[in-house]
Amino acid sequence: MSIPTVSDSLVQNLMRGIRAHLDSLLPIVEDGHMMRMRLGLAHSLDRYKLKCNPDKIDTMIVQAVGLMDELDKEINNYIMRTKEMYGWHFPELSKIVLDNITYVKVVKRIGHRVNSNVDLSDLVPDELASQIREASIVSLGTEVIDEDITMINELCDQVLEASSSRTQLHDYLVKRMIAVAPNLTALVGELLGARLIARAGTLVNLAKHPASTVQILGAEKALFRALKTRHNTPNQIIHSRAKCHECWPQKHHSLHV
């Protein structure tokens, strides 16, 4: 169709006038229908803007890494309580089994220390299993009742459940980081890349940060404290744990602003 199109200030003013007086131009349309039409159009436009907003693609990454930090704190707190509670009954076990999750599994498997002869081959090596049996015989721990063991087992179940959720969350975070920021993931790793994005707010903000800002991410308070007291600026910053950091020359490990 050879119909010329016109788009200038006059056309925009005309369309603005039509929208302003649409009720009087269409008298057969009720006011309620017109309001619903405007509301539906506004919702559709907002959904389109949110869907096409490039700044929101990393929102799930920021929330996931924050949730992972909270799970780590919760797991560490529960494991500490488990060791304190079970340590009254079998204090030598924490010195034999050093891994926290394995310790919780062993506690749940043994229960009372007199049951140390149970099969632990799927949890610890045979050498550690022998040490556990020998330590249970000469243990200096106090006796506990069945209700205490039941409470400890319930706490162990919570630790294992939180640990499983943390593993699933980590796998999800790895997949999202590879899809959203593959270059950053290849450079510093999944977890550290996610923490950098969380510190910057969004991936776009991180890309816009100068090198001097990225250098102090995670050490803002320590930096300002050092500047205020005129001490050396901090060098233990968030990206010092990057995979490529070990490849840098030793003289470049201490970064100063």
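This briefing covers the overall make-up of the chain, one surface patch and two buried residues. The model is predicted. The chain has 257 residues, and its secondary structure comes to 13 helices and 0 strands.

**Overall make-up**

- From the N terminus on, every element in the run is α.
- Of the residues in the chain, 30% count as buried.
- The accessible surface of the chain is about 17500 Å². Carbon and sulfur atoms hold 58% of that surface.
- Among contacts with a separation of 6 or more, 56% join residues 24 or more positions apart.

**Nonpolar surface patch**

- Five residues form a nonpolar patch on the surface: L14, M15, I18, L25 and L26.
- Together they have about 440 Å² of accessible area.
- Helix α1, residues 9–20, gives the most to this patch, with 3 residues.
- L26 lies in the loop between α2 (22–25) and α3 (31–51).
- The relative accessibility of L26 is 37%. Buried means under 20% and exposed means over 50%, so L26 counts as partly exposed.

**T82 in helix α4**

- T82 sits in helix α4, which spans residues 59–87.
- T82 counts as buried because its relative accessibility is 1%, and the cut-off for buried is under 20%.
- Setting aside residues up to four places away in sequence, T82 touches G87, Y103, I152, L155, C156 and V159.
- One of these partners, G87, is the last residue of helix α4 as numbered, 59–87.

**L184 in helix α9**

- L184 belongs to helix α9, residues 182–188.
- At 17% relative accessibility, L184 is under the 20% cut-off and therefore counts as buried.
- Outside its neighbours within four places in sequence, L184 is in contact with M177, G189, G193, L196, I197, L203 and L206.
- L184 and A194 are 10 residues apart in sequence. Their C-alpha atoms are 9.0 Å apart in space.

**Points to check in the viewer**

- Which residues does T82 touch beyond its sequence neighbours? They are G87, Y103, I152, L155, C156 and V159.
- Which helix gives the most to the nonpolar patch? Helix α1 does, with 3 residues.
- Is L184 buried or exposed? L184 counts as buried, at 17% relative accessibility.

How values were computed: Residues numbered from 1 in each chain as written. Predicted model: local features only at pLDDT ≥ 70, side-chain atom pairs only at ≥ 80, totals over all residues. Heavy atoms only, no water. Helix = DSSP H or I, 4+ residues; strand = E, 2+ residues; numbered from the N terminus. Buried < 20%, exposed > 50% of the residue type's maximum accessible area, 1.4 Å probe, protein only. Contact = heavy atoms within 4.5 Å. Patch = residues over 30% accessible without salt bridge, like charges linked within 9 Å, V, L, I, M, F, W, Y side chains within 5 Å. Areas by Shrake-Rupley, 256 points an atom, 1.4 Å probe, with all protein chains shown as cover. Salt bridge = Lys/Arg side-chain N within 4 Å of Asp/Glu carboxyl O.
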